[in-house]
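Let's take a walk through this model, starting at the ligand and finishing at a single residue in a loop. Keep the viewer open as you read.

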Amino acid sequence: MTAPSAICVRSLEKTYGGPAPKRALKGIDLDITQGSMFGLLGPNGAGKSTFINILAGLVNKTSGSASIWGFDIDAHPRNARASIGVVPQELVFDAFFTPWEMLEVQAGMYGVPKAERRTEELLRVVQLWDKRDAYSRTLSGGMKRRLLVAKALVHTPPVLILDEPTAGVDIELRQLLWTYVRELHARGTTIVLTTHYLEEAQELCDTIAIINHGDVVCCEPTTQLLARIDEKEILVDLESDLDQIPADFARFRARLDGPRRLAVQVSRKGNDVGAVLSALSASGLGVRDLSTNDTDLEDIFLQLTRAPHNDAA
Ligand code: ADP
């Protein structure tokens, strides 16, 4: 039996209007399992914020469906919204609120009764208790980021979404933030994090989805994604131009990396390397040079996000 979904979207589509309409999400399907630490990776402009803003109720989808903790965002918008906390990318603040006031106002907006508020606990957890009465405009960037995490948690949502939480953040704060996020996760909160730092996703997330030009190009357990790193690439520089992959290479994952370069993906285990050399010999191609390229997560990411796309609205 599959674990229940924290977030489930089907055929989710968003086209921004205006003189040059932009199809930011092209009908994506995505399941984020309850209890997971999920990484949503993609280059700038891929559609990550659009996805999150639809879930947060800040952007209206064009079509498709989305549910959070089993609540459809159209049929049960209040329950859906109460089920997530979002830490936004931008550090947007009312300069004249103190951290204490900010969390109290937020709790009020979510209808959290006074007796159930966790303002003190949250401020202590993000190490802002001694700043509880300071105007937010006097807080450093790192403190503001921590305050936004606390703000996203006032209604104790089962799902916490962090949108590029460590962009422009120093290493010390990054570590502090991740320690706390790991703690929350260990206590049962489902975490969704968007980032374009691959190592961050690799280190923290049990599942990674890669989104590019509004499509989900891969979604798999991090270990499975990393297993692809067992592959390497053999680069063959040729004497003459090719306009297609030679038939001898049909059984390999091969591509033309320029007219005179054949790139063949092989497993480091097995005897693929020998097989590629045999295929080269059988093909009769004139070889000028041969080199290899070890794959890392960065390469996998590039391979998946380099695929041709159709940007038409
Ligand atoms: P990401 O968060 O992955 O960087 P976004 O979701 O912000 O990507 O953007 C996806 C695409 O939609 C981009 O091409 C962006 O320019 C476009 N876009 C985002 N917001 C708007 C908007 N309000 N109006 C028009 N186009 C938008």
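Start with Gly45: one of its polar backbone atoms sits 2.7 Å from an oxygen atom of the ligand, a polar contact, meaning a pair of N or O atoms within 3.5 Å. Ala46 also offers a polar backbone atom, 3.1 Å from a ligand oxygen. With Thr50 it's the side chain instead, where an N or O atom lies 2.5 Å from an oxygen of the ligand. On its own the ligand exposes 560 Å², and the protein buries 61% of that (Shrake-Rupley areas, 1.4 Å probe).

A word on ground rules: this is a predicted model, where local features need pLDDT of at least 70 and side-chain atom pairs pLDDT 80 or more, while totals for chains, interfaces and linings use all residues. Residues are numbered from 1 along each chain as its sequence is written, and side-chain values use heavy atoms, leaving out hydrogens and water.

Now look at the shell, the residues with a heavy atom within 4 Å of the ligand. Among them are Tyr16, Lys22, Pro43 and Lys48. Strand S2 (22-33) and helix H1 (48-55) each give two or more residues (DSSP runs, at least two residues for a strand and four for a helix). H1 has the largest share, with 3 residues.

Finally, find Gln127 in the loop between helix H4 (119-125) and helix H5 (141-152). Is Gln127 buried or exposed? Partly exposed, at 47% relative accessible area, because that class runs between buried, under 20%, and exposed, over 50%. Leaving aside residues up to four places away in sequence, Gln127 touches Arg146 and Leu176, with heavy atoms within 4.5 Å.

Key. A polar contact is a pair of N or O atoms within 3.5 Å; within protein, one must be able to donate a hydrogen and the other to accept it, and residues adjacent in sequence count only if both atoms are side-chain atoms. Buried means under 20% relative accessible area, exposed over 50%, partly exposed in between (1.4 Å probe, protein chains only).
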